[in-house]
Amino acid sequence: MTSEREGQAWIQELVAAIVTWGIEGAPIPHPLGGESFHLRTAAQMAQDYRLRAEEVGLERAIDELIEDQARWNAGTGFLTGLGGFGLLPLQMPAAVTATWVIQTRLVATIATLHGLDLAHEAVRTQILLTLLGDEAKEVLKQFGVKLSQRIAQAQVRRLPAVAL
């Protein structure tokens with residue numbers, strides 16, 4: 001039971017880090033051991049695309065943002081795949097993490113362009129649920145079922161033995 005809780009805690013920390021990196025910029029280590037740098041924040045991206053939106057309109061600017069981030073995503077997939085089959089155990093987690101960070105930044109940038117406050121916890125939760133897509137529906141459904149079961153069990157315990 002303890003190892004399961006530790007595993008869940010680790011996953012929660014990882015998801016929180018991915019959301020934070022996507023919104024606030026991810027640290028990127030220098031490949032040659034130099035000083036690391038940060039991926040641009042969603043707010044910085046939104047500022048650039050807000051200027052673009054003044055020229056071409058918000059929807060077109062968002063379409064361009066999506067295209068640009070798709071190219072970023074493809075580029076990271078290509079770069080993480082350069083090591084070949086032998087490095088696959090290291091490359092897969094790096095590629096998946098990079099993809100999630102880029103997608104988080106994309107969704108957060110779009111949210112910012114639409115005037116949402118990224119510091120608000122509800123907005124961050126909505127960003128995470130957007131990334132989960134259909135999986136979010138299943139997670140929320142399971143959560144609702146478990147919550148309903150616990151409420152029902154608590155109510156049954158309150159009933160007098162005569163009523164049962």
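Colleague: Which residue follows H2, and what is its phi near?
Modeller: This is a predicted model. Look just past the end of helix H2, residues 42-56. The residue there is Gly57, with a positive phi near 95 degrees.

Colleague: What span does H2 reach from its first C-alpha to its last?
Modeller: H2 has 15 residues. At 1.5 Å a residue, the expected span is 21 Å. The model comes close to that, at 20 Å.

Colleague: Within what arc do the buried residues of H2 fall?
Modeller: The buried residues are Ala42, Met45, Ala46, Tyr49 and Ala53. Look down the axis of H2: they line one face of the helix, because they fall within an arc of 95 degrees.

Colleague: Which exposed residues does the other face of H2 carry, the one turned away from its buried side?
Modeller: Exposed means over 50% relative accessible area. Turn away from the buried side of H2, and the exposed residues there are Gln47, Leu51, Glu54 and Glu55.

Colleague: Which helices each supply at least two residues of the largest nonpolar core?
Modeller: That core has 10 residues, including Val19, Ile23, Val107, Ala108, Val123 and Ile127. Now place the core residues on the helices. At least two come from each of H1 (2-24), H4 (88-113) and H5 (121-132).

Colleague: How many residues are in the other core, the one that lies apart?
Modeller: Among its members are Met45, Ile62, Leu65 and Leu106. It lies apart from the largest core, and its residue count is seven.

Colleague: Is Leu65 buried or exposed, and what is its relative accessible area?
Modeller: Leu65 sits in helix H3. Its contacts beyond four places in sequence are Met45, Tyr49, Leu106, Thr109, Ile110 and Leu113. The cut-off for buried is under 20%. Leu65 is buried, with a relative accessible area of 0%.

Colleague: What is the C-alpha to C-alpha distance between Leu65 and Thr109?
Modeller: In sequence, these two are 44 residues apart. In space, the C-alpha atoms of Leu65 and Thr109 are separated by 8.7 Å.

Colleague: Which residue's side chain makes a polar contact with that of Asn73?
Modeller: Asn73 is in helix H3, residues 58-80. It counts as buried, at 18% relative accessibility. Beyond four places in sequence, it touches Thr99, Ile102 and Gln103. The side-chain polar contact, at 3.1 Å, is with Thr99.

Colleague: How many residues apart in sequence are the parts that Arg52 and Glu64 tie together?
Modeller: The side chains of Arg52 and Glu64 form a salt bridge, 2.7 Å from N to O. Arg52 is in H2 and Glu64 in H3, so the pair ties together parts whose separation in sequence is 12 residues.

Colleague: Is Glu64 buried or exposed, and at what relative accessibility?
Modeller: Start with its partner: Arg52 is partly exposed, at 29%. Glu64 falls under the 20% cut-off. So Glu64 counts as buried, at 14% relative accessibility.

Colleague: About how many helical turns separate Arg71 and Asp68?
Modeller: Arg71 and Asp68 form a salt bridge, with their closest N and O atoms 2.4 Å apart. Arg71 is exposed at 53%, while Asp68 is partly exposed at 25%. They are three residues apart in helix H3, so their separation is about one helical turn.

Colleague: Which residues do salt bridges with shared partners join into one network?
Modeller: The model has seven salt bridges. Some of them share partners, and the network they form joins Arg52, Glu55, Arg60, Glu64 and Glu67.

Methods. Residues are numbered from 1 along each chain as its sequence is written. This is a predicted model: local features need pLDDT of at least 70, side-chain atom pairs count only at pLDDT 80 or more; totals for chains, interfaces and linings use all residues. Side-chain values use heavy atoms; hydrogens and water are left out. A nonpolar core is a set of buried Ala, Val, Leu, Ile, Met, Phe, Trp, Tyr and Cys residues joined through side-chain atoms within 4.5 Å. Buried means under 20% relative accessible area, exposed over 50%, partly exposed in between (1.4 Å probe, protein chains only). Helices (H or I, at least four residues) and strands (E, at least two) are DSSP runs, numbered from the N terminus. The expected span of a helix is 1.5 Å times one less than its number of residues. The arc is that of the directions from the helix axis to the C-beta atoms. A polar contact is a pair of N or O atoms within 3.5 Å; within protein, one must be able to donate a hydrogen and the other to accept it, and residues adjacent in sequence count only if both atoms are side-chain atoms. Contact means heavy atoms within 4.5 Å. A salt bridge is a side-chain nitrogen of Lys or Arg within 4 Å of a carboxyl oxygen of Asp or Glu.
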